[in-house]
Number of protein chains: 2
Amino acid sequence: MRQPPGRAQRRGGGERKPREERWSELIEVATDVFYAKGYDAASLQDIADRLGMLKGSLYYYIQSKEDLLYDVIKAVHEEGLANIESLAAGEGDALERLRNVIIGHIEHECRNLTKTAVFLHELQALSPERQAEIIGDEHAYRRVFVDLLEAGQQAGQIRAEVNPKLAALSILGSVNWVYRWFRTGGEFTPHQIGEQFADQALRGVATPEALARLQPRPRLDDAREPVKL
Amino acid sequence: MRQPPGRAQRRGGGERKPREERWSELIEVATDVFYAKGYDAASLQDIADRLGMLKGSLYYYIQSKEDLLYDVIKAVHEEGLANIESLAAGEGDALERLRNVIIGHIEHECRNLTKTAVFLHELQALSPERQAEIIGDEHAYRRVFVDLLEAGQQAGQIRAEVNPKLAALSILGSVNWVYRWFRTGGEFTPHQIGEQFADQALRGVATPEALARLQPRPRLDDAREPVKL
């Protein structure tokens with residue numbers, strides 16, 4: 001949700017702040033329109049209307065509708081990845097960091113439902129080259145989970161027979177699926193969801209020794225306070 | 001993938017077999033076209049072209065493009081649900097049946113990648129009424145998992161603090177995500193994926209007593225034969 005480097009320079013100096021604000025607003029509105037109508041059905045005219053701009057003025061920022069989807073998806077991907085990378089590099093052993101990554105990713109996703117849905121539904125509308133540029137050869141999100149799982153195996157916290165790539169895909173599936181059913185103000189808070197999902201994921205891969213050291217988790221209906229690690 | 005009851009009667013008797021075959025072919029081709037172009041971008045003309053039919057002849061079977069999506073999605077949903085319901089009602093205790101459901105669902109999904117993708121991507125293109133009619137008030141797939149988890153809790157195989165609904169959603173997410181990354185002939189067979197996913201899911205919710213009775217799973221690269229339960 002920021003102006004990509006290069007564009008400001010390309011367009012020359014002056015009134016930089018308003019243009020950056022305008023850019024953020026454009027990305028925000030494009031995300032909403034792609035979510036509500038779907039990328040195929042959405043038009044640049046819809047987006048211009050929502051911004052109170054002439055359609056022609058959009059070409060000051062982008063060259064095509066696909067450019068806009070690219071910028072939307074790149075922004076979502078970078079934000080989400082920065083979030084889990086910082087948690088993965090944080091305090092604690094591999095299992096504790098895996099737990100923080102799972103909870104933090106679910107909380108981030110629940111705060112960004114629209115963006116997440118556009119990212120997961122419309123990525124394939126980009127050209128294969130642009131998809132590859134954003135996601136990378138080895139999917140960047142998966143790499144964060146695989147690295148933690150491998151670190152946990154080296155530390156004897158994760159069972160040797162667990163295939164780290166499959167385990168990463170299993171955990172990523174469960175956490176990425178949340179946007180499909182989570183409702184703000186619904187039965188569970190993002191933190192409660194994160195706590196139980198992390199608990200299941202850790203127990204699913206842990207060695208008996210690591211399992212014995214995991215804190216028991218109270219029942220959800222007993223939890224007056226979010227459970228701390 | 002069968003002619004819905006009512007249509008044959010409505011249209012009158014005679015040459016029933018060819019019409020049923022034609023209907024199956026129509027559903028098959030519509031699934032492929034919705035997958036390749038996306039529902040919004042796909043047209044009845046595309047589907048008629050692929051079938052070598054005049055577009056007008058399609059109106060013998062359906063009234064609109066949404067009718068066709070409804071029939072496609074209903075068929076996918078019913079097939080997948082029948083598969084896991086029969087496994088959930090099969091042999092074994094709750095944990096064994098949960099394991100069979102997870103493995104069987106992943107194998108079914110990997111055999112039906114295109115159908116699964118259309119179901120998961122395009123369900124929201126149906127009217128809310130039609131979505132509700134197909135999926136049910138309480139999502140039918142989730143209900144199968146919740147029932148098994150609750151049975152496992154009553155039998156003391158699943159930890160009391162596990163919320164069955166969240167656990168079902170976590171497991172469903174991991175298994176439903178597979179169609180996004182699985183490639184036929186790729187690194188893992190559907191059975192290998194199912195084995196590890198089931199192992200992680202069961203360990204994630206099992207009581208210590210049930211955990212002690214789970215068979216250890218060999219490493220993937222040691223597994224010459226699919227591991228039997």
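## A walk through the two chains

Start by selecting A:R50, which sits in helix α3 (residues 44–51) of chain A. You are looking at a predicted model, so keep that in mind at each stop. Now add A:D32 to the selection: A:R50 and A:D32 are 18 residues apart in sequence, and their C-alpha atoms lie 9.9 Å apart in space. Which residues does A:R50 touch, once its neighbours within four places in sequence are left aside? Show A:V29, A:D32 and A:V33, and you have its contacts.

Next, stay in chain A and select helix α6 (residues 94–111) together with helix α12 (residues 190–205). Their axes come within 8 Å and cross at roughly 145°. Turn the view until one helix lies in front of the other: α6(A) passes α12(A) in a right-handed crossing. To see the contact itself, show side chains on both helices. From α6(A), display A:L95, A:L98, A:R99, A:I102, A:I103, A:I106, A:E107 and A:C110. From α12(A), the partners include A:P190, A:H191, A:I193, A:F197, A:A198 and A:L202. Colour this contact by residue class and you will find 12 nonpolar, 2 polar and 3 charged residues.

Now bring chain B into view. How is chain B laid on chain A? A turn of 180° with a shift of 0.0 Å along the axis does it, giving an RMSD of 0.0 Å. That is how a two-fold axis relates copies.

Select the interface next. Chain B gives 39 residues to the contact and chain A gives 39. Of the interface residues of chain B, 100% are also interface residues in chain A, so the two copies meet through the same surface. The area buried between chain B and chain A is about 3500 Å², and carbon and sulfur atoms give 58% of it.

Finish with the charged pairs. The structure holds 28 salt bridges over all chains, and 4 salt bridges are counted between chain B and chain A. Zoom in on A:E187 and B:K165, whose side chains meet in a salt bridge at 2.4 Å, N to O. Why does this pair join two chains? A:E187 lies in the loop between α11 (178–181) and α12 of chain A, while B:K165 belongs to helix α10 (residues 164–176) of chain B, so the pair links one chain to the other. For your last selection, pick B:D199 and A:R159: their side chains form a salt bridge at 3.2 Å, N to O.

Methods: Residues are numbered from 1 along each chain as its sequence is written. Chains are lettered from A and ligands numbered from 1 in the order in which they are written. This is a predicted model: local features need pLDDT of at least 70, side-chain atom pairs count only at pLDDT 80 or more; totals for chains, interfaces and linings use all residues. Side-chain values use heavy atoms; hydrogens and water are left out. Copies are superposed by least squares on the C-alpha atoms of residues with pLDDT of at least 70 in both. Contact means heavy atoms within 4.5 Å. Axes are lines fitted to C-alpha atoms, for helices over the stretch in contact, and angles run from 0 to 180 degrees between N-to-C directions. Helices (H or I, at least four residues) and strands (E, at least two) are DSSP runs, numbered from the N terminus. A crossing is left-handed if the near helix is turned anticlockwise from the far one by less than a right angle, and right-handed if clockwise. Ala, Val, Leu, Ile, Met, Phe, Trp, Tyr, Cys and Pro count as nonpolar, Asp, Glu, Lys and Arg as charged, and the others, Gly among them, as polar. Buried area is the accessible area (1.4 Å probe) that two parts lose on being put together, summed over both.
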